[in-house]
Amino acid sequence: MTPGRSRAVAFSPRSASSLAPPRNSALLLRVALHAPLLAPSLLAGDHANLAASARTVADLGLAWLHCDIMDGHFVPNLTFGPETLAALRRAGSNLFFDTHLMLSEPHRYIEPFAKAGANLISIHIEPDFDHAATLARIRALGCQNGIVLNPGTPAEAIEPFLASVDLVLVMTVQPGFGGQSFRAEMMPKVAQIDRWRRERGLAFRLEVDGGVDLVTVRACREAGADTFVAGTSFFRAADKAAFAASIAAL
Ligand code: DX5
Ligand code: ZN
């Protein structure tokens, strides 16, 4: 087990829900589970020195690193693969690798990413494959799992999976590229998923990804999101510590 994995336990909705807290501590649990979490996206880091970009994140005391995996098919762009994650581990990164698979056939790559050191693996709902089996496989390999929706996909599409996931990711841009404009019209979808989460007493994290900065993050938080991917805005911030502190204070 890598240090990254043991650190992940502290953020695991599954481990938290299995603690079976007494009823009067429900509020406390909710606050702990839904504390704001910044997940800087490596896509906006230095691709000639990704280990240094990961260190920048860790040196700020942050725990999560968002890793965008693109196949040039599900999305019109290519990034990196499991070997890059493994190399970051070898370079000493203990960060929680929040691995966002933008792949037409993600089920073929779960094992390599789990072996490479992914802590959480999220898959899109849009491509046609066995989502339930793939989500179960991710957990069976010791990772947390997540389900992702594109801007054009309604919340109802992922509703059947809500009780089986550790994270729901609502895309606030069409995936494929960093640096796009935030789509505020996704906020009702975030709010709907947050409503379902509360009504059903579920503990998954609710993440937003795309165009998130210190301004747009406020609407995301108000809609119920608790996990904020930030690529361009984070890596371009002159004062990254202040950036991280603003997210933590949401
Ligand atoms: C987009 C990726 C995002 C991307 C976000 O396809 O899924 O994670 O890195 O980048 P920014 O924050 O620059 O929009
Ligand atoms: Zn992403």
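How many bridges pair strand S3 (residues 96–102) with strand S4 (residues 120–124), and in which sense do they run? There are four bridges, and the sense is parallel. (Two strands count as paired if DSSP finds at least two bridges between them.) One spot to click on here is His100, which stands opposite Ser122 in S4.

Before going further, some housekeeping. This is a predicted model, where local features need pLDDT of at least 70, side-chain atom pairs count only at pLDDT 80 or more, and totals for chains, interfaces and linings use all residues. Residues are numbered from 1 along each chain as its sequence is written, chains are lettered from A and ligands numbered from 1 in the order in which they are written, and side-chain values use heavy atoms, with hydrogens and water left out.

Now zoom out. The protein has eleven helices and eight strands; helices (H or I, at least four residues) and strands (E, at least two) are DSSP runs, numbered from the N terminus. Of the 250 residues, 54% are buried, where buried means under 20% relative accessible area, exposed over 50%, and partly exposed in between (1.4 Å probe, protein chains only). Take the contacts with a separation of 6 or more, a contact being heavy atoms within 4.5 Å: residues 24 or more positions apart account for 66% of them.

Next, the sheet. It is an open one of eight strands in the order S1-S8-S7-S6-S5-S4-S3-S2, with parallel pairing. At the edges sit strand S1 (37–40) and strand S2 (64–70), each pairing on one side only. From one strand to the next the twist averages 25 degrees. For angles like this, axes are lines fitted to C-alpha atoms (for helices over the stretch in contact), and the angles run from 0 to 180 degrees between N-to-C directions.

Two helices are worth a look against this sheet. Helix H5 (residues 82–90) packs on it and touches S2 and S3, with a direction at about 170 degrees to that of S3. Helix H7 (residues 131–140) also packs on the sheet, touching S4 and strand S5 (144–149), and its direction makes about 145 degrees with that of S5.

Over at S8, the neighbours are easy to trace. S1 and S8 run parallel and are joined by four bridges, with Phe228 in S8 as the bridge partner of Leu38. S7 and S8 run parallel too, joined by three bridges, and Glu207 stands opposite Thr227 in S8. In a regular strand the side chains alternate between the two faces of the sheet. Strand S8 (residues 227–230) is covered on both faces: Thr227 and Val229 are buried on one side, Phe228 and Ala230 on the other.

Now for the metal. The zinc ion (ligand 2) is coordinated by His66 (NE2), Asp68 (OD), His100 (ND1) and Asp209 (OD), at 2.0 to 2.3 Å. Donors here are N, O and S atoms within 2.8 Å of the metal (3.2 Å for Na, K and Ca), and because water is not among the atoms, sites may look incomplete. The zinc ion (ligand 2) has six donor atoms, with angles of 69 to 167 degrees among them, and its site is octahedral. As for the labels, four donors count as tetrahedral if all angles lie between 85 and 135 degrees; four count as square planar and six as octahedral if opposite donors are over 155 degrees apart and all others between 65 and 115; anything else is irregular. In sequence the donor residues are spaced H-x1-D-x31-H-x108-D. Why does His66 count as buried? Because its relative accessible area is 0%. Asp68 is buried as well, at 4%.

On to the aromatics. Rings of Phe, Tyr and Trp (its six-membered ring) pair if their centres lie within 6.5 Å; planes under 30 degrees apart count as stacked, over 60 as edge-to-face and the rest as tilted. The count comes to three aromatic pairs. Among them, Phe234 and Phe235 are edge-to-face, 4.9 Å centre to centre with 90 degrees between the planes. Phe234 and Phe243 are edge-to-face too, at 5.9 Å and 80 degrees. Ring pairs link Phe234, Phe235 and Phe243 into a cluster; Phe234 and Phe235 are both buried, and so is Phe243.

Finally, a stop in the loops. Gly201 lies between helix H8 (187–199) and strand S7 (205–209), and is exposed at a relative accessible area of 64%. Pro160, in the loop between S5 and strand S6 (167–171), counts as exposed at 62% relative accessibility.
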